[in-house]
Amino acid sequence: MEEYTPASAAQALEELETCYRDFIEKLKKSKASSVGEVMGNFFRAQGNPRVSYAVEEFDAAMTERLAARADQLKVQGIVPTLAIVRVGERPEDLSYERGALKRCEKVGVRVRQFALPKESSHGDLLAVIRQINGDREIHGCLLFRPLPPQMDEEAICAALDPAKDVDGI
């Protein structure tokens, strides 16, 4: 693999900045299992394996760091837990969910899945959000969107405790 120097790192950073807007658009549309995976795919498609390699290294380092942090919490008697909330079975949601489950398993985060039928009411989903907000053993929540039309997405997002919102919705 290519060795990095300050000049090559600066060039890689410049290339990253140049591609930033396109990447953000790809990220918004992607259902990959990690940001690192999206970044690697994006930069491979741009024909820049050096940047792609740096992204893969970053992803591996983040996985290692997250696993170590999860282990530290477990030693303190805290099992890091993510709630995944999905309404319906859109293929892209199911794919993203599988990736999230793999990633969480890799870093030692427990997952509690809340899968509601597509026909569920706004009140049904709101009850799940309230349950998650009130559960001290759930530390984060990933809510799949868009929600079905019978649900007020803005109200649902507002109901989620910001301290548990892993997407910053």
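The exercises below work through the fold, the core, one helix and one aromatic pair of a predicted model.

Residues are numbered from 1 along each chain as its sequence is written. Local features need pLDDT of at least 70 and side-chain atom pairs count only at pLDDT 80 or more, while totals for chains, interfaces and linings use all residues, and side-chain values use heavy atoms, with hydrogens and water left out.

**Exercise 1.** Establish the order of the elements in the protein and the share of its residues that is buried.

*Solution.* Begin with the DSSP runs, numbered from the N terminus, where helices are H or I runs of at least four residues and strands are E runs of at least two. The protein has six helices and three strands, and from the N terminus on they follow the order α-α-α-β-α-β-α-β-α. Next, apply the burial classes (buried under 20% relative accessible area, exposed over 50%, partly exposed in between, with a 1.4 Å probe and protein chains only); of the 169 residues, 37% are buried.

**Exercise 2.** Determine which element gives the largest share of the largest nonpolar core.

*Solution.* A nonpolar core is a set of buried Ala, Val, Leu, Ile, Met, Phe, Trp, Tyr and Cys residues joined through side-chain atoms within 4.5 Å. The largest such core has 18 residues, and V85, F114, L125, I132, L143, L147 and I156 touch the most other members. Two or more residues come from each of strand 1 (81-87), strand 2 (110-116), helix 5 (122-134), strand 3 (140-143) and helix 6 (153-159). The largest share, five residues, is that of helix 5.

**Exercise 3.** Explain how the buried residues of helix 5 are arranged around its axis.

*Solution.* The buried residues in helix 5 are L125, L126, V128, I129 and I132. Viewed down the axis, with directions taken from the helix axis to the C-beta atoms, these residues fall within an arc of 160 degrees, so they line one face of the helix. The face turned away from the buried side carries the exposed residues R130 and G134.

**Exercise 4.** Classify the aromatic pair and state which parts of the chain it ties together.

*Solution.* Rings of Phe, Tyr and Trp (its six-membered ring) pair if their centres lie within 6.5 Å, with planes under 30 degrees apart counted as stacked, over 60 as edge-to-face and the rest as tilted. The structure holds one aromatic pair: the ring centres of Y96 and F144 are 5.7 Å apart and their planes stand at 85 degrees, so the pair is edge-to-face. Because Y96 lies in helix 4 (residues 91-107) and F144 in the loop between strand 3 and helix 6, the pair ties together parts that are 48 residues apart in sequence. Finally, Y96 is partly exposed, at 24% relative accessible area, whereas F144, at 4%, is buried.
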